[in-house]
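This report goes through one structure for a reader who has not met it before. The sequence and the model come first, and the description follows.

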Amino acid sequence: YLIRTNSRGETLWSKTYGGQNTDYAWTIASTTDGGVIIGSHSESAGAGGHDVQLIKVDAQGALQWSMVYGGTSADGAYSLKQTYDGGFVVAAHTSSYGEGQHEIYLIRTDTSGNVLWTKTYGSSGGDFLRALDFTPDLGFIMVAETYSFGAEGADIYVVRTDMQGDTLWTRTFGGPGDDFGYSIRLTNDQNYIIAGHTRSFGQGQLDALLMKIDDHGEVIWAKTFGGPDEDFAYSVAPTPDGGYILAGGTKSFAMGGFCDILCNDIYLIRTDEKGDTLWTRAYGSLGEERGWQVQPAPDGGYAVLGISTGFGAGAEDFYFIKTDENGNTGCAEKGTQTIIGDPVFQLNTTTTVVNSGLISEEALMITGSPETSENTFCQTTNTDAITTVEIFEIFPNPAKNRLFVLFQLAQPEILEFQL
């Protein structure tokens, strides 16, 4: 499902791509010809339960080509980039190849999706790829979670390769609990920044994590962010001033503040170049919201893409947020009392087993142009009737410049408040 919007988040067009079975996109990148490359998991095409799929479309969403890659078990794409020569590199997981049930699967293709080489990385315990970025020498760096190596349970697993996919070094980072890496980016000073979450360190049951490492895999610094409950990070991006912006979810600072299971809000954290917090924000409803991707915008603000069960037309909708440089949207947001920690990770060098494996073929695609339901929040609107609701929470109390009023409706409707 591909949606193109303008700078205000208004839909220009939307497209679907797939076959007779389940197909779902996991990663996307713009291409030098103005089009888009999509990485997905496909059950409609390929050799196994689901396969890695690349879908190349032009600037209007018209299909140009599609290829699937994998073996007889489950394989799926998680992260991709266009390479310096116009080809593509896809970081995926595989159960078809390698030493264990799940391994990192790196696929390098030409401009038409034809395979140049493939590699797998990991061991028998299970290794789950999350993200990939380039290195200064045109190689690749990947972050994953590993049950094959490390201290205990799940650990953060980083693999550094050259441009041919040959391993230069691997590292694990962890503590006594489970630790997860979900995003990795090359920084402005030619090091790497990793975002994820940790049960080993921090203030709550789960804390968001930001860690900076150098080009040899040594930790420069690490920070945790959160409150008394669960908080996590899925995406990080460098900011123009050398700092970082993180997006994820928070249960500690959710709008409802009283539910037991699905009540996370999107959690946005802005730091300086040393990981010290400049501001934090939470955005959401009484339902479930999570932020999956964040990017700095040209105007100095930030664009966040996530999901929501509390807003929108269906059980779960895309949730697209545009903020100013201080994280303000004027809509369903609040500041948070984030507690910052300085964890000390146990670092290990791993013996990563590298293998190759490949089955590839062209994929037959069915395309469509659905009518996308679009909802914009926080616009001034005239109302014909006033609905009385029972207010059950106001915060903060006392309030200085703004406050939040929480209530529940039997069905979605437009309200006018008289305070």
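## Overall make-up

Helices and strands are taken here as DSSP runs, with at least four residues for a helix and at least two for a strand, numbered from the N terminus. On that basis the protein chain has 33 strands and 0 helices. The model is a predicted one.

Of the 419 residues in the protein chain, 52% are buried. Among contacts with a separation of 6 or more, 50% are between residues 24 or more positions apart.

## Confidence

The protein chain has a mean pLDDT of 84, and 79% of its residues reach 70 or more. Residues 379-389 have a pLDDT below 50, and this stretch has 10 contacts in the model beyond near neighbours in sequence. Where pLDDT is low, the predicted coordinates should not be read in detail.

## Strands β9 and β10

Strand β9 covers residues 103-109 and runs antiparallel to β10, with 6 bridges joining the two. One of the facing pairs is L106 and K119, the latter in β10. The two strands form a hairpin with 5 residues between them, and in this hairpin G113 takes a positive phi near 85°.

Is strand β10 largely enclosed or largely open? Strand β10 spans residues 115-122, and 6 of its 8 residues are buried, so the rest of the structure largely encloses this strand.

## Salt bridges between distant parts of the chain

How many salt bridges does the structure hold? There are 15 salt bridges in the structure. Three pairs and one network are described here.

K119, the residue opposite L106, also forms a salt bridge with D166, at 3.3 Å from N to O. This pair links distant parts of the chain: K119 belongs to strand β10, while D166 lies 47 residues away in the loop between β13 (155-161) and β14 (167-174). K119 has a relative accessible area of 16% and is buried, because the cut-off for buried is under 20%. D166, at 37%, counts as partly exposed.

A second salt bridge joins the side chains of R160 and D137, at 3.2 Å from N to O. R160 is in strand β13 and D137 in the loop between β11 (127-134) and β12 (140-146), with 23 residues separating the two positions. R160 is buried at 3% relative accessibility, whereas D137 is partly exposed at 40%.

In a third pair, the side chains of R199 and E230 meet at 3.5 Å, N to O. Both partners are in loops: R199 between β16 (192-198) and β17 (207-213), and E230 between β18 (219-226) and β19 (231-238), 31 residues apart. R199 is partly exposed, with a relative accessible area of 41%. E230 is also partly exposed, with a relative accessible area of 23%. Elsewhere, salt bridges link K81, D133 and R185 in a network.

## An open sheet of five strands

In what order do the strands of the open sheet stand? The sheet has 5 strands in the order β15-β16-β17-β18-β27, and their pairing is antiparallel. The edges are β15 (179-186) and β27 (339-341); each has a single partner strand, so one side of each has no neighbour in the sheet. On average, neighbouring strands are turned by 20° against each other, direction ignored.

Within this sheet, β16 and β17 pair in the antiparallel sense over 7 bridges. One of the bridge pairs is G196 with L209, which is in β17. Strands of a sheet pair through backbone hydrogen bonds, either parallel or antiparallel.

## The surroundings of N264

Where does N264 lie? N264 is in the loop between β20 (244-250) and β21 (265-271). Although a loop residue, N264 is buried, with a relative accessible area of 4%.

A polar atom of the N264 side chain lies 3.3 Å from the backbone nitrogen of K251. Leaving aside neighbours within four places in sequence, the residues in contact with N264 include K251, T250, A254 and F232. G287, E288, E289 and R290 are also among the contacts of N264. Another of these contacts is E230, the residue that forms a salt bridge with R199.

Key:
Residues are numbered from 1 along each chain as its sequence is written. This is a predicted model: local features need pLDDT of at least 70, side-chain atom pairs count only at pLDDT 80 or more; totals for chains, interfaces and linings use all residues. Side-chain values use heavy atoms; hydrogens and water are left out. Buried means under 20% relative accessible area, exposed over 50%, partly exposed in between (1.4 Å probe, protein chains only). Two strands pair if DSSP finds at least two bridges between them. A salt bridge is a side-chain nitrogen of Lys or Arg within 4 Å of a carboxyl oxygen of Asp or Glu. pLDDT is the predictor's confidence in each residue, from 0 to 100. Contact means heavy atoms within 4.5 Å. A polar contact is a pair of N or O atoms within 3.5 Å; within protein, one must be able to donate a hydrogen and the other to accept it, and residues adjacent in sequence count only if both atoms are side-chain atoms. Axes are lines fitted to C-alpha atoms, for helices over the stretch in contact, and angles run from 0 to 180 degrees between N-to-C directions.
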